[in-house]
Amino acid sequence: MADYYETLGVSRGADVQEIRKAYRRLAMQHHPDRNQGSREAEERFKEVTRAYEVLSNPEKREVYDRYGERGLKRGQGGAGFGGFDFSDAIEIFMRDFGSGGGFGDLFGRRSPGTPRSRRGKGIRLRLPLTLAEVASGVDKRLRVSLLDPCEDCGATGARGAGPTLCPGCSGTGQERISQRSPFGQFVSVQPCRRCGGEGQVIQDPCPACRGEGRVREESTVTVEVPAGVSSENYITLRGQGNAGPRGGPRGDITVLIAVEDHPDFRRDGNDLVHELHVTFTQAALGDRLEVPTVEGSAPLSVPAGVQTGEMLRMRGLGVPDLDGGMRGDQLVRVVVWTPENLDRRQREALERLREVEDPVPEDAGRGRRGFWARVKEAFVP
């Protein structure tokens with residue numbers, strides 16, 4: 001695994017400003033636009049951006065310092081829950097160093113008329129899962145309403161001739177605003193108010209999508225749920241969300257995991273806790289019982305003399321570890337059941353037993369006869 005501090009070339013004690021400065025320098029050096037679209041440069045750009053995204057965030061950095069990448073994966077849904085692609089890296093760079101501070105100045109201004117593609121808005125879905133599905137892993141197909149590219153206009157949003165250069169910004173997508181103040185004149189650069197920063201306007205909108213370049217359709221997405229997830233996790237489906245306006249890339253779908261409560265089990269990490277009710281005779285004499293498991297049932301030997309509250313362990317019958325480690329156990333908590341409604345024969349038997357029962361152990365050294373010896377006297381003529 002990569003060391004994020006080494007990736008950015010900073011020390012472990014570096015402050016946020018040092019991290020930002022190191023990342024900005026490396027991002028400029030490795031951006032594909034400055035390296036003739038080099039695949040190697042793109043991969044390096046993604047690596048430094050991923051490192052920056054973690055180390056510039058105090059909470060993520062604390063988790064990384066304590067647990068490494070594994071801690072980020074478990075807490076944030078990381079690898080196995082969607083990757084980190086080039087569009088993510090660009091979005092992060094644009095967020096912190098782009099428009100107005102930025103991106104155009106670092107990597108060259110956008111050519112007039114070249115539309116600025118806007119990414120589609122991400123959506124969130126809630127996925128209920130049973131405990132059995134969590135234990136085994138499952139593929140789920142979900143119906144979702146998404147914005148898809150309009151086929152009538154080819155996602156351009158225009159009918160006929162197509163979009164034209166914005167007269168407000170001459171296709172640059174930016175406008176300069178001058179303001180006077182007691183300290184002098186200030187000039188700021190912001191997205192063009194007429195075209196929204198796209199550099200193009202639509203004179204004749206497509207009637208099917210009303211100029212948006214996308215229409216709403218019902219779709220089906222498949223979610224691959226690994227074994228061992230919990231309600232703390234989420235799954236990211238990269239690039240499967242809403243299409244962006246007028247040919248923009250798709251956003252993401254974030255699937256929030258919701259594990260349903262089970263009537264027979266309580267989850268404790270990767271272990272499952274089950275409460276088993278036994279009769280007094282089963283507890284006193286011992287027994288071999290079939291107990292429920294999350295995937296069916298399994299035999300369990302109840303030792304003689306077991307007490308209420310004792311835990312019996314059934315190894316490997318819990319929930320798998322999310323990182324592919326060992327599977328948890330099923331812990332069976334014994335509860336001795338007390339009958340409420342007795343018939344005559346049951347009452348007589350218990351009355352005779354009451355005469356001889358004694359919680360004092362046989363080896364207490366008090367010279368008293370053992371419990372089972374007195375039970376035999378009571379029930380055997």
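This is a short tour of selections in a predicted model.

**Stop 1: a charged patch.** Select Glu151, Asp152, Glu217 and Glu218, which together form a negative surface patch. Then keep Glu217 alone and show the cartoon: this residue belongs to strand β7, residues 214–225. Glu217 has a relative accessible area of 41%. Because partly exposed covers values between 20% and 50%, Glu217 is classed as partly exposed.

**Stop 2: two loop residues with positive phi.** As background for this stop, most residues other than glycine have a negative phi. Select Ser170, in the loop between β3 (164–165) and β4 (174–181). Ser170 is not a glycine, yet its phi is positive, about 60 degrees. Its relative accessibility is 49%, so Ser170 counts as partly exposed.

Next, select Arg246. Where does Arg246 lie? Arg246 sits in the loop between β8 (234–237) and β9 (253–259). Its phi is about 45 degrees, again positive in a residue that is not a glycine. With a relative accessibility of 25%, Arg246 is partly exposed.

**Stop 3: a strand pair.** Select residues 287–293 for strand β12 and residues 296–302 for strand β13. How many bridges join β12 to β13? There are seven, and the two strands run antiparallel. The connection from β12 to β13 is a hairpin of two residues. To check the register, label Val291 and Ala298: Val291 stands opposite Ala298, which is in β13. When viewing side chains here, recall that in a regular strand they alternate between the two faces of the sheet.

Technical notes
Residues are numbered from 1 along each chain as its sequence is written. This is a predicted model: local features need pLDDT of at least 70, side-chain atom pairs count only at pLDDT 80 or more; totals for chains, interfaces and linings use all residues. Side-chain values use heavy atoms; hydrogens and water are left out. Patches are made of residues with over 30% relative accessible area and no salt bridge: like charges are joined within 9 Å, nonpolar side chains (Val, Leu, Ile, Met, Phe, Trp, Tyr) within 5 Å. Accessible areas come from the Shrake-Rupley method with a 1.4 Å probe; for residues, only the protein chains shown count as cover. A salt bridge is a side-chain nitrogen of Lys or Arg within 4 Å of a carboxyl oxygen of Asp or Glu. Lys and Arg count as positive and Asp and Glu as negative; His and the chain ends are not counted. The place of a charge is taken as NZ of Lys, CZ of Arg, CG of Asp or CD of Glu. Helices (H or I, at least four residues) and strands (E, at least two) are DSSP runs, numbered from the N terminus. Buried means under 20% relative accessible area, exposed over 50%, partly exposed in between (1.4 Å probe, protein chains only). Two strands pair if DSSP finds at least two bridges between them.
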